[in-house]
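Please look through the sequence and the coordinates below before reading on. The paragraphs that follow take up a few places one after another.

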Amino acid sequence: MSATAVSGVRAFRVYLEMIKVEHSIFALPFALIGMMWGTRFVSHSAWPGWKIFLLIVVAMVSCRSAAMAFNRIADRDIDAVNPRTNMRAIPAGLLQLRQVNLFFYGSCIVFFAACALLNPLALALSPIALGVTLFYSLTKRFTLLCHFVLGISLGIAPSAAWIASTGKLALPIGPITLAVICWTAGFDIIYALQDDEFDREHGLRSLPQALGRPKALLISRICHLTAIGCLIFGGILVGASALWFVGVLVAAGLLVYEQSLVKPNDLSKVNMAFFTLNGFVSLGLFVFALADQIYRS
């Protein structure tokens, strides 16, 4: 363990690594889809204006940053004894606990401020949204359904953006919210395969730890199949054009490929399945959703 915490530009890079800023690509595209769908639902345009767009991005990034910082704080002792995670910022001594706490509270303040500038409903629901994202970090200690709690924390994104852009919640955003929940749970189960033995030895809960790899992978596949069904139903509810459904078909192909990369006795391609392909799924769906909006304008 390093005896001295980093500072300056290197500290900035460590903060970005700590919160895995590049993983914002998972939820942010779905938030922007919720923004476009919500805005079109109440008007003839999918663009809510720069102010709302930027506030949604700030709210998303700050909420996720707070959640990741809290996760690193809550899991610092677990991370220290897991060979896969013992080089994370806190156990490696790159950041002091005090620094991460300050980052966490600062992110929470920015999140609440962004919600306050959006609309009253966004502000009223902001503690619930933040609470759910923070709660996930504790769930591996007592429930094997932790993957679905993570799914809910990301699934909030499209509904939250709908509320941010319209000031109210409506049924059509429900299916895509459920789609994100199932998609996230599916890929998190795959990611958890790497730690099934560690979780078993340290009293942590997950589907791979509790059910074994073959059954956990089966549940992951059911989750991804359900997600595709929800994306189709959501497109129908909002009156999407054929472009959206082409995007769903592409996403389905990527998820089939993702599932084919991981086998109970071969986890060598987990990182490609988890990071690369899921990034393509979310970004790809956003591109087709944007094309659908342009086509319908």
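Where is the place of Ser206? In this predicted model, Ser206 sits in the loop between α9 and α10, the latter spanning 207–211. With a relative accessibility of 0%, Ser206 counts as buried, because the limit for that class is under 20% relative accessible area. Once residues up to four places away in sequence are set aside, Ser206 touches Leu144, Cys146, His147, Ala192 and Asp199. For one of these partners, His147, the separation can be given in two ways, since Ser206 and His147 are 59 residues apart in sequence and 7.5 Å apart in space, counted from C-alpha to C-alpha. The side chain of Ser206 also reaches forward along the chain, to the backbone nitrogen of Gln209, at 3.1 Å.

The helix α9, which comprises residues 196–201, holds Phe198. Phe198 is buried, with a relative accessible area of 11%, and, not counting residues up to four places away in sequence, Phe198 touches Ile78, Val81, Asn82 and Leu204. A view across the model is given by Phe198 and Arg296, which are 98 residues apart along the chain and whose C-alpha atoms are separated by 50 Å.

One of the partners of Phe198 is Asn82, and the contact can be followed from the other side as well. Asn82 is found in the loop between α4 (76–81) and α5 (97–118), and at 7% relative accessibility this residue counts as buried. Leaving aside the neighbours within four places in sequence, Asn82 is in contact with Asp195 and Phe198, while the side chain of Asn82 reaches the backbone nitrogen of Arg84 at 3.0 Å.

A further side chain that reaches the backbone belongs to Thr133, and this residue lies in helix α6, residues 120–139. Which backbone atom does the side chain of Thr133 reach? The partner is the backbone oxygen of Leu130, at 2.7 Å. Thr133 is buried, its relative accessible area being 10%, and, with residues up to four places away in sequence not counted, Thr133 touches Cys63, Ala67 and Ser153.

We turn next to helix α11, where Arg213 has its place. Leaving aside neighbours within four places in sequence, Arg213 is in contact with Leu193, Asp196, Pro208, Pro264 and Leu267. With one of these residues, Pro264, there is a polar contact, in which the side chain of Arg213 reaches the backbone oxygen of Pro264 at 2.9 Å. Arg213 and Met18, by comparison, are 195 residues apart in sequence and 28 Å apart in space, C-alpha to C-alpha.

Helix α11, residues 213–237, also packs with helix α12, residues 242–261, in that their axes come within 10 Å and cross at roughly 175°. Why are α11 and α12 described as roughly antiparallel to each other? The crossing angle of roughly 175° belongs to the class over 145 degrees, and α11 and α12 are therefore roughly antiparallel. On the side of α11 the contact is made by Leu217, Ser220, Arg221, His224, Ile228, Leu231, Ile232, Gly235 and Ile236, and on the side of α12 by Trp244, Phe245, Val248, Ala251, Ala252, Leu255, Glu258 and Gln259. The residues of this contact divide into 11 nonpolar, 4 polar and 2 charged.

The aromatic rings remain to be considered. How many aromatic pairs does the structure hold? There are 19 aromatic pairs, and one of them is formed by Phe111 and Phe112, a tilted pair with 5.6 Å from centre to centre and 50° between the planes. Phe111 counts as buried at 6% relative accessibility, whereas Phe112 is partly exposed, with a relative accessible area of 31%. Phe135 and Phe142 likewise form a tilted pair, at 6.0 Å centre to centre and with 45° between the planes. Phe135 counts as partly exposed at 40% relative accessibility, and Phe142 is partly exposed with a relative accessible area of 48%. Elsewhere, ring pairs link Phe26, Phe30, Trp183, Phe187, Tyr191, Phe274 and Phe275 into a cluster.

Conventions
Residues are numbered from 1 along each chain as its sequence is written. This is a predicted model: local features need pLDDT of at least 70, side-chain atom pairs count only at pLDDT 80 or more; totals for chains, interfaces and linings use all residues. Side-chain values use heavy atoms; hydrogens and water are left out. Axes are lines fitted to C-alpha atoms, for helices over the stretch in contact, and angles run from 0 to 180 degrees between N-to-C directions. Helices (H or I, at least four residues) and strands (E, at least two) are DSSP runs, numbered from the N terminus. Angles under 35 degrees count as roughly parallel, over 145 as roughly antiparallel, 65 to 115 as roughly perpendicular and the rest as oblique. Contact means heavy atoms within 4.5 Å. Ala, Val, Leu, Ile, Met, Phe, Trp, Tyr, Cys and Pro count as nonpolar, Asp, Glu, Lys and Arg as charged, and the others, Gly among them, as polar. Buried means under 20% relative accessible area, exposed over 50%, partly exposed in between (1.4 Å probe, protein chains only). A polar contact is a pair of N or O atoms within 3.5 Å; within protein, one must be able to donate a hydrogen and the other to accept it, and residues adjacent in sequence count only if both atoms are side-chain atoms. Rings of Phe, Tyr and Trp (its six-membered ring) pair if their centres lie within 6.5 Å; planes under 30 degrees apart count as stacked, over 60 as edge-to-face and the rest as tilted.
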